[in-house]
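Work through the exercises below with the model open. Each task is followed by its solution.

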Amino acid sequence: MRVVAALSGGVDSAVAAARLVDAGHEVTGVHLALAEKRYAGGGRGCCTLEDVHDARRAADVLGIPFYVWDFAQRFQETVLDDFLAEYSAGRTPNPCVSCNQHIKFAAVLERAQALGFDAVGTGHYARLVTGPAGVELHRGVDPAKDQSYVLAVLDQEQLQHSLFPLGASHKAEVRQEAAARGLLVADKPDSHDICFIPDGDTRGFLRERLGLADGPIVDAESGATLGQHAGAAGYTIGQRRGLFLQQPAADGTARYVVDVDVPSNTVFVGSPTRLRVGGLRVDRLRWTADPVSSARIAVQIRAHADPVAARLDGDEVILDEEMTGVAAGQIAVFYDASRVLGSGRITATTPWSETVPG
Amino acid sequence: MVHYLDHAATTPLRPEALAAMQQQWLQVGNPSSLHTAGRQARRVVEESREQIAAVIGAKPADVIFTSGGTEADNLALKGLARNTDRSRVLVSAVEHHAVLDPAQALAEEGKTVELIPVDGLGRVDLVALEQMLDDDVAVVAVMWANNEVGTVQPIAQIARLCAARGVPFHTDAVQALGQVPLDVDGIPSVALSAHKVGGPVGVGALVLDRDLAVRPLVHGGGQERDVRSGTLDAAGIAGFAAALAAEKSDLAPLRDDLIRGVQDVVPDAVLNGDPLDRLPNNAHFSFPGCPGDALLMLLDAAGVAVSTGSACTAGIPQPSHVLLAMGADERMARSSLRFSLGWNSSADDVSALLAALPPAVERARRAGGL
């Protein structure tokens with residue numbers, strides 16, 4: 001096949017591209033330019049000049065052509081605008097999921113196909129297995145690196161034109177292989193931050209873009225104002241750090257953000273018992289194959305959260321065990337054992353106390 | 001076989017230049033040393049200086065060797081502007097980044113940088129320039145010919161306008177050298193580069209009127225009349241002179257075949273730049289609806305090397321500031337390609353382009369993104 005290998009400049013995508021070459025594919029390396037500004041320093045995201053350089057050098061070592069594709073505008077119009085809109089609405093988005101859905105396996109795949117390529121290959125740790133439902137998306141075998149969560153928004157058409165050569169490998173093997181192949185990025189640290197916020201200061205980024213104003217931090221029990229926050233949209237349910245409250249709670253326990261009301265610019269705090277969730281309501285449902293209306297599933301709400309057994313019923317997820325720190329906007333991914341069935345965006349939660357386990 | 005149609009980026013080394021450099025590389029001697037070996041190296045530098053000066057009608061003493069065109073542009077702009085209390089710097093809107101970026105650096109130092117507008121063909125608006133000139137202008141920079149669209153500017157007229165107001169005038173002649181006859185008489189400051197004419201990369205010159213005082217960028221041993229310190233690269237300079245002296249053929253007929261051919265195979269292609277006053281090796285087109293970077297990739301895969309404009313370090317396609325300044329919208333500015341010929345270009349190269357272009361255009365158009 002003719003394959004576009006997305007080269008971020010990191011070790012995973014470089015080894016993935018190498019394996020695609022070994023598999024006999026005709027591979028072209030493509031680095032995606034996503035940020036409007038190119039950050040000069042640090043190798044923390046996928047948006048620095050150093051990353052472009054590293055991606056280019058990986059392509060040189062593999063002997064494949066290399067180009068930079070500019071999707072900055074599309075990225076702005078989809079991932080970034082959605083990121084800001086979600087925070088302004090008091091929800092907590094996952095831009096990596098959004099990028100996979102709108103950029104890597106949509107804009108890039110469409111362009112690749114139009115230019116005569118058959119598939120897009122990336123360094124994600126996830127497995128594709130051909131089964132009765134078509135191409136099935138499964139967890140990667142390395143539990144510490146499994147990235148099936150951020151790919152759960154891909155539909156069958158997208159999966160049929162995707163290649164994930166690292167799904168059956170552990171990270172340590174991939175680093176060793178990179179070193180053995182002479183890829184200079186073998187020791188490069190993993191990226192963890194949101195790529196378009198290279199300094200990691202999400203609240204600062206939101207303040208700059210959304211013009212956040214200070215507002216009250218209110219005790220959810222008593223209604224008393226306990227302190228000031230720097231803009232409600234910058235807070236996430238379940239968050240404990242960065243509240244800077246002067247007085248401790250009456251019972252002496254730590255207080256968490258339990259609700260965020262963006263229209264009134266209020267952050268509510270309370271004891272962790274208020275964070276106990278027994279049910280999720282979701283929208284923006286997406287399925288990797290046929291839609292599922294009702295099933296026993298395991299649901300996962302963050303890239304590396306533990307999955308929780310649950311029953312899916314339409315747009316409701318009834319949990320067998322309580323979850324904490326669930327924020328609207330997070331993506332709930334539905335698993336059947338290792339297989340990803342689909343995903344939805346969390347719009348509301350039901351307290352554990354009101355839930356009848358399914 | 002690669003059909004190389006990107007000579008404006010860099011052109012193959014001419015055999016004459018290679019021979020001159022091989023000969024000099026085998027000699028020892030710092031051109032600034034006082035012994036026989038040093039004097040022999042110095043002689044090579046000075047003979048080269050005289051040859052280069054003769055080709056462009058300059059006085060040999062005005063030629064200051066540099067590491068290339070970019071350094072020459074930087075030395076001219078910064079060197080002139082920093083040496084005066086005058087506060088304004090005027091540069092054309094279609095300059096290469098080697099001029100735009102030092103101008104930006106001067107703006108950060110407190111100078112006021114203003115862009116001289118161009119018309120739809122990329123020609124500097126002389127009326128606007130004349131109105132912009134006053135006693136507070138530290139330097140004016142207008143390139144001799146544009147590196148992207150190939151438009152040749154009315155340099156003699158611009159030089160006269162500036163001289164009449166007592167304003168130093170600099171021109172980046174990197175693309176023009178070797179392509180159009182250059183007569184630098186009456187032009188106080190001219191940037192040149194060796195590798196665009198088949199000489200080595202890493203050698204260039206600023207041809208600067210001795211009456212103009214500039215502040216150096218590089219301080220050290222005081223070479224090049226104390227304006228540009230650093231050991232002289234005798235071999236590279238000999239290669240520059242030999243490349244410039246090599247016999248030239250007129251590329252305009254082949255370029256005209258290329259332009260007609262492109263218009264035949266892609267009828268809606270739009271030729272950019274001045275159709276008459278343009279570099280004889282340059283053809284620059286917009287292909288409506290085709291992202292230029294996709295076209296480049298498809299032509300590359302077909303063995304034809306072209307450019308979307310001026311190369312940039314990160315390889316990130318940006319809409320051309322040249323086309324935007326000429327009034328093109330961003331879509332047109334993103335859908336353009338430059339084809340540039342050089343001393344070893346052949347009709348075969350043009351035929352290969354014309355064969356590969358229609359399917360590439362069709363495919364790139366489908367890829368869209370514009």
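**Exercise 1. Find how far apart the two domains of chain A sit, and what joins them.**

Solution. The centres of domain 1 of chain A and domain 2 of chain A, taken over C-alpha atoms, are 38 Å apart. Domain 1 covers 2-123 + 165-187, and domain 2 covers 212-274. These bounds come from an automatic or database domain assignment. Next, take the contacts. Five residues of domain 1 of chain A touch five residues of domain 2 of chain A. Contact requires C-beta atoms, placed from the backbone, within 7 Å. On the domain 1 side, two residues are nonpolar, three polar and none charged. Ala, Val, Leu, Ile, Met, Phe, Trp, Tyr, Cys and Pro count as nonpolar, Asp, Glu, Lys and Arg as charged, and the others, Gly among them, as polar.

A note on the model: it is predicted, local features need pLDDT of at least 70, side-chain atom pairs count only at pLDDT 80 or more, and totals for chains, interfaces and linings use all residues. Residues are numbered from 1 along each chain as its sequence is written, while chains are lettered from A and ligands numbered from 1 in the order in which they are written.

**Exercise 2. Describe the open sheet of chain A and the helix across it.**

Solution. Start with the strand order: five strands run β3-β2-β1-β4-β7 (chain A), with parallel pairing. Helices (H or I, at least four residues) and strands (E, at least two) are DSSP runs, numbered from the N terminus. Strands pair if DSSP finds at least two bridges between them. The edges are β3 (66-70) and β7 (162-163) of chain A, each pairing on one side only. Now move inward. β1 (2-6) and β4 (119-121) of chain A share three bridges. Val4(A) faces Val120(A) in β4(A). Then add the helix. α1 (11-22) of chain A lies across β1, β2 (26-33), β4 and β7 of chain A, at about 165° to β1(A). Axes are lines fitted to C-alpha atoms, for helices over the stretch in contact, and angles run from 0 to 180 degrees between N-to-C directions.

**Exercise 3. Characterise the pairing of β5(A) with β6(A).**

Solution. β5 (126-131) and β6 (134-139) of chain A pair antiparallel over six bridges. Ala126(A) has Arg139(A) in β6(A) as its bridge partner. Two residues lie between the strands of this hairpin.

**Exercise 4. Determine how α1(B) packs on α7(B).**

Solution. Take the geometry: α1 (15-25) and α7 (234-245) of chain B pack at about 155°, axes 8 Å apart. The angle therefore makes α1(B) roughly antiparallel to α7(B), a term for angles over 145 degrees. Finally, list the residues. Ala17(B) and Ala20(B) are among those of α1(B) that meet α7(B), whose contacting residues include Gly236(B) and Gly239(B). By class, this contact has nine nonpolar, three polar and one charged residues.

Conventions:
Two residues are in contact if their C-beta atoms, placed from the backbone, lie within 7 Å. Angles under 35 degrees count as roughly parallel, over 145 as roughly antiparallel, 65 to 115 as roughly perpendicular and the rest as oblique.
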